[in-house]
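Take a look at the model below. This report walks through one helix, then some spaces in the protein, then two single residues.

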Amino acid sequence: MSDTTALSQRPWFGALLYLIFGVAWIGGSDHLLGIVVTDAELYSQYQTYKGWLYVAFTAALAWLLLWQRSNAEMQSLRSRQLFEQTFELANVGIAHVSLQGRWLKTNERLQQLLGYTQYELQGMTFAQITHPDDLDKDVSQLAQLETGVRREYSMEKRYRHKDGHYIWCRLGVRMVDAPVFGKPFYISIIEDIHELKVIETELRASNLKFQALLDSDAAISIQGYEADGTTIYWNRASERIYGYSAQEAKGQNLLDLIIPESMADEVKTAIQQMLATGKPIPSAELQLKRKDGRFISVFSSHALVRLPDKPPQMYCIDIDLTEQKKHEQQVAYLAHYDALTNLPNRASFVQQLTQAIERAALRSYLIAVIMLDIDHFKNINDSYGHSIGDELLQQITQHLTEALQPMDYLARLGGDEYAVLLEDIEQAEDAVRLADQLLHCINRVWTLSNGIEVKISAGAGISLYPLHEINAEALLQGADAALYKAKSEGRNGSAYYSDDLTQSARERLRLESRLRTAILEQQLVLYYQPQVDIASGQIIGAEALIRWLDPEDGLISPERFIPIAESSGLIHEIGVWVIEQSCRQGELWHQQGLHGLSIAINVSPLQFQRCALIQQITDTLLSTGFPADLLELELTESALMTQQADVLTMLRQLKQLGVRLAIDDFGTGYSSLAYLKLFPLDVLKIDKSFIDQLPKHQQDAEICRAIVSLAHTLGFKVLAEGVEYQGQRDFLTAIGCDCFQGYLFAQPLTADDFFQLALQHKA
Ligand SMILES: Nc1nc2c(ncn2[C@@H]2O[C@H](COP(=O)(O)O[C@H]3[C@@H](O)[C@H](n4cnc5c(=O)[nH]c(N)nc54)O[C@@H]3COP(=O)(O)O)[C@@H](O)[C@H]2O)c(=O)[nH]1
């Protein structure tokens, strides 16, 4: 077939072959026949046959050639038709393009695509309708085809449609060497991908928008996880919120990254349920874990994403609540605190006061509310501006805070008004004392940052629970009313809600101040009341009793000033003086011939709260030489009941010194039999209140009898105090009481008088 095709393609060669064959046949066959057939007739006959054979053979050959040619033409026609059909009907644009880039032949699809006719295109080059941005790439790749560097290329490019708009196409180009057009040319396949490209561009834009959206809000963390918890997506906000970079987070398991250990099981179960049911895990506020180990509050929502042919994925959207929490805390803070001074505000004060009242009601103690108000503060604001006013309030706040104890509660009620809550105060005047200290702290010249100096004063009002009112608001109103009163009376000081209390508190404070002077000016003296052996009538000792000889008021009773000494702390100073003075006096009497005389001293419970007491006594005994076994400390029951363990230790230390211990006013306090067994005591002093109506008062008589019996059973001596009548002494003698003291024998005497009396009795 190929040969035939070759012949049909080169007819002159076929004609030459035929000529050679014909000449060879005619010449050769005749010569051969002449050799083989000698008979002329037969020869002629064979000649005819040979001619017919030649004709038949050449006819067959001609038929074969013609048949083959017609077949080839038919085939060529068909393939041309097929090509044309393919070329024209193809759903992609096809073009033959010259090496110069001119459109040689284009199919209908391409013409439709570009909007030009075949004729119009043939007058143009591809470059004329290529988007300028794509041209260089196209031309340089064509050059590579021409130089044989490559055989084909493809690219995405834009052609300009006849109406001016650009169409995205995918171009495939191959160079054809067969010179159909007389020269090599390019076959270009041009596929319309415009719609795809538009979709792709839109998709990319949408992806970018989506990505920008995900990354724009630094407070919304979005994380993607495989069903097993492996991290596949981690946006920028996640990096900020949880501290892991996307690189660090991807590939790690959710449970290892941000779930606290305590939540791990719960989260695992929730994920399994979500995967099984398709229902997302309900949104919730969670405390998740950061890379640095700190916890962060987030509002977490979850979504299950099922993509075709892919395992399900889980996405978490966590909103960082840190700022919101801070804001909430700030709002909560502002609801309870004053932003300028950072002090609790009125609401907090009322709340605190209400709780304090509940505690005080249970434990029966006093509470004071002190309200402070700065005088004419408005003038400062008006004269110097509010910022100066604010600065002044801040300075005042700082000074007030420093002047108070940590347990005192200071609040700013508003404007220039402050309130102080004092819990568990001993007596009403403690509040006045503190109020006066606070006023003293405010009433001065204040220097502000800009150099301005302002002199201010303030007033204070005090109300007390439960003496004045029993609820928080009423106490505040009471303090406010007292403040108003103090100011309206121009007192420039503090006032109680009740006038009586104000007076008595002022009186006590005045007394306190005078007592300080009395100590300095040695106006305190000791009197001594004899303690007598009830059977023999011998003076066996003396109780030292303090007196205040005031130059103006004369003798002031210890019942008046000891409580003030206790509340002001002066009792410690006084106590030391009493011990020293008593021991010195006792030793002097001893040297003057009163041997074996004991001295009893009253010790305040407050003195017992100081460890220094032991050392003071030790030092005094050493310095005075007074024997320890003649020194008797009178303690009240309340002193023994506070801080029992410490008291017990102190009592044992005193016993080791050799000092004797007596219980004063026995029967009026706790009278716990347990402490009689517990503490190393020597003497029980029956309180005067049980003695007063002896012997007639049946119950008191029985009580005295029982005390004596009990004391003796436990090995203590019994002393009856306040014995004024012989009948009382007789009864006490009858029930076995050991000693007594009282006006029957002698009142408290000066040291000299006591000495004289003791000498008389000795004689
Ligand atoms: N911490 C200290 N307290 C002391 C000191 N000195 C005294 N006091 C305590 O003061 C309270 C009052 O004492 P005072 O006014 O001295 O009264 C004492 C006696 O004068 C009085 N007394 C004694 N006998 C009689 C009597 O027959 N009739 C009568 N009406 N009164 C009498 O009793 C007081 C003695 O009390 P007591 O201490 O319980 O023995 C008083 O509580 C003193 O304790 C001191 O230095 N430190």
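## A helix and its two sides

Just after helix α14, G385 takes a positive phi of about 100°. The model is predicted, so treat every value here as computed from that prediction.

Now step back into α14 itself. Helix α14 covers residues 377–384, and its buried residues are F377, I380 and N381. Seen down the axis of α14, these buried residues fall within an arc of 95°, so they line one face of the helix. There is a simple rule behind such patterns. An α-helix has 3.6 residues a turn, so residues three or four places apart point the same way.

What do the buried residues of α14 pack against? Their partners are β11 (366–374), α15 (386–403) and β15 (453–456). The other side of α14 has exposed residues: K378, D382 and S383.

## Spaces in the protein

Next come the pockets and the largest cavity. The table sets out their volumes and the classes of their lining residues.

| Space | Volume | Nonpolar lining residues | Polar lining residues | Charged lining residues |
|---|---|---|---|---|
| Largest pocket | About 1000 Å³ | 17 nonpolar | 10 polar | 11 charged |
| Second largest pocket | About 750 Å³ | 8 nonpolar | 8 polar | 7 charged |
| Largest cavity | About 70 Å³ | 10 nonpolar | 1 polar | 2 charged |

Start with the largest pocket, at about 1000 Å³. It is lined by 38 residues, and the closest to its centre are E543, L545, P558, E559 and N602. Several elements each supply at least two residues of this lining. The strands are β18 (524–533), β19 (539–550), β21 (598–602) and β23 (660–666). The helices are α19 (558–568), α20 (570–591) and α21 (605–608).

The second largest pocket has 23 lining residues. Nearest its centre lie D424, I425, E426, D430 and S567. Two or more lining residues come from each of β13 (417–425), α16 (428–442), α19 and α21. Which domains each give at least three residues to the lining of the second largest pocket? They are domain 4 (337–497) and domain 5 (514–761).

Cavities are counted too. There are 3 cavities of 30 Å³ or more. The largest cavity holds about 70 Å³ of space. Of its 13 lining residues, V97, F126, L171, V173 and S188 are the closest to its centre. Helix α6 (132–146) gives two or more residues to this lining, and so do strands β3 (152–160), β4 (166–176) and β5 (185–192).

## Two residues to find

Find S582 first. This serine lies in helix α20. Is S582 buried or exposed? Its relative accessibility is 1%, so S582 counts as buried. The cut-off for buried is under 20%. Leaving aside neighbours within four places in sequence, S582 is in contact with L526, Y528, A544, I599 and I601.

Now turn to E721. This residue lies in strand β25, which covers residues 717–721. E721 has a relative accessibility of 10%, so it also counts as buried. Which residues does E721 touch, not counting those up to four places away in sequence? They are D664, D665, K685, I686, D687, K688, I691 and Q741.

Note on methods. Residues numbered from 1 in each chain as written. Predicted model: local features only at pLDDT ≥ 70, side-chain atom pairs only at ≥ 80, totals over all residues. Heavy atoms only, no water. 1 Å grid on protein atoms, 1.4 Å probe; cavity = no way out; pocket = protein on both sides within 12 Å on 5 of 7 lines; lining within 4 Å. Points joined across faces, edges and corners; volume = space filled by probe spheres on them. Helix = DSSP H or I, 4+ residues; strand = E, 2+ residues; numbered from the N terminus. Nonpolar A, V, L, I, M, F, W, Y, C, P; charged D, E, K, R; others polar. Domains from an automatic or database assignment. Buried < 20%, exposed > 50% of the residue type's maximum accessible area, 1.4 Å probe, protein only. Arc of directions from axis to C-beta. Contact = heavy atoms within 4.5 Å.
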